[in-house]
Amino acid sequence: RQGGLYTLLLAQVIHSQDCWDMITAHEQSHSFLFDKLVFTRPDAAWFRAVPPHTDGRAWPPNTVVSNAGGQDWALFGERHLMEAWFTRLHWFEVECSDSKYDVLKALPVATSLPWYFAHKGINFISVSVPAVVVRQSGKFKTAGDACGWALKGSRIFRSSADCIRSIYTNTASALPTTSTSGPWW
């Protein structure tokens with residue numbers, strides 16, 4: 001079991017590095033740098049808009065923000081800080097070659113992220129973000145499952161149908177394919 005977990009964690013940091021490489025290649029080819037970056041899992045369902053990147057409460061300066069709970073479903077912040085998220089493979093290769101850290105610190109994901117960012121000298125906070133992970137093997141297999149969860153104790157939506165329409169153009173019984181919410185800002 002530990003070997004399977006290690007493989008999944010390593011795959012996550014490898015894919016993050018691939019994303020960073022694509023970001024920097026795009027920046028170089030267009031002669032500019034992004035000010036802020038957002039990472040979100042491809043299987044995350046967003047059931048409400050996120051405040052604009054100009055909102056200092058939602059996007060505090062000099063801080064990486066993640067979702068409370070999983071802590072690696074969504075992260076956002078200024079580019080120079082988010083580089084630490086996307087380049088965790090380099091951290092693993094350089095800092096962890098002598099195995100001085102356990103696997104969850106060597107391959108920082110989820111609950112080890114507060115430790116990782118503190119170790120890097122980066123402010124890190126977790127907040128409640130309007131997203132859940134929708135996947136066949138998880139608690140939320142469809143957008144309908146996600147909306148059922150979002151409706152509990154929520155005043156955001158009047159019905160599951162309102163929630164479903166806020167996320168997807170397909171039905172609640174289908175896998176998430178087409179987002180209707182568009183960009184965050």
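This report walks through the fold, confidence, nonpolar cores and salt bridges of one predicted chain.

## Overall layout

The model is a prediction, and its chain runs to 185 residues, 42% of which count as buried. DSSP-wise, there are seven helices and six strands. Going along the sequence, they come in the order α-β-β-β-β-α-α-α-α-β-β-α-α.

Take the contacts with a separation of 6 or more: 62% of them are between residues 24 or more positions apart. As for the surface, the chain exposes about 10,300 Å², and carbon and sulfur atoms supply 56% of that area.

## How far to trust it

Average pLDDT for the chain is 76, with 66% of the residues scoring at least 70. Confidence is highest in helix 2, at 95, and lowest in helix 7 (residues 160–167), where the mean is 65.

Then there's the stretch covering residues 174–185, where pLDDT stays under 50. The model still gives this stretch 31 contacts beyond four places in sequence.

## The main core

The largest nonpolar core has 26 residues, and the members touching the most others are Val64, Leu75, Met82, Trp85, Phe86 and Phe117. Two or more residues each come from helix 1 (2–30), strand 1 (36–40), helix 2 (79–86), helix 3 (88–95) and helix 5 (113–119). Helix 2 puts in the largest share, five residues. Helix 2 is also the element with the highest confidence in the chain.

Phe86 is a handy residue to click on here. Skipping its neighbours within four places in sequence, phenylalanine 86 is in contact with Ser16, Gln17, Cys19, Trp20 and Ile23, and also with Leu37, Val38 and Phe39.

## A second core, seen from Val65

Apart from that main core lies another one, made of 10 residues, with Val50, Ala58, Trp59 and Val65 among them. Val65 is part of strand 3 (residues 63–67). Its relative accessibility is just 1%, so valine 65 counts as buried.

What does Val65 touch, once residues up to four places away in sequence are set aside? The list is Ala58, Pro60, Ala74, Leu75, Phe76, Ile125 and Val127. Phe76 is 11 residues from valine 65 along the chain, and their C-alpha atoms are separated by 5.4 Å. Leu75, another of the residues touched by Val65, is itself one of the best-connected members of the largest core.

## Two salt bridges

The structure holds two salt bridges. In one, arginine 79 pairs with glutamate 27, and the closest N and O atoms are 2.8 Å apart. This pair links distant parts of the chain, since arginine 79 sits in helix 2 and glutamate 27 in helix 1, 52 residues apart. Are these two partners buried or exposed? Both arginine 79 and glutamate 27 are buried.

The other salt bridge joins aspartate 55 to arginine 57, with 3.6 Å between the closest N and O atoms. Here the two ends part ways on accessibility. Aspartate 55 has a relative accessibility of 17%, so it counts as buried, because the cut-off for buried is under 20%. Arginine 57 has a relative accessible area of 76%, so it is exposed, the cut-off for that being over 50%.

Notes. Residues are numbered from 1 along each chain as its sequence is written. This is a predicted model: local features need pLDDT of at least 70, side-chain atom pairs count only at pLDDT 80 or more; totals for chains, interfaces and linings use all residues. Side-chain values use heavy atoms; hydrogens and water are left out. A nonpolar core is a set of buried Ala, Val, Leu, Ile, Met, Phe, Trp, Tyr and Cys residues joined through side-chain atoms within 4.5 Å. Buried means under 20% relative accessible area, exposed over 50%, partly exposed in between (1.4 Å probe, protein chains only). Helices (H or I, at least four residues) and strands (E, at least two) are DSSP runs, numbered from the N terminus. Contact means heavy atoms within 4.5 Å. Accessible areas come from the Shrake-Rupley method with a 1.4 Å probe; for residues, only the protein chains shown count as cover. pLDDT is the predictor's confidence in each residue, from 0 to 100. A salt bridge is a side-chain nitrogen of Lys or Arg within 4 Å of a carboxyl oxygen of Asp or Glu.
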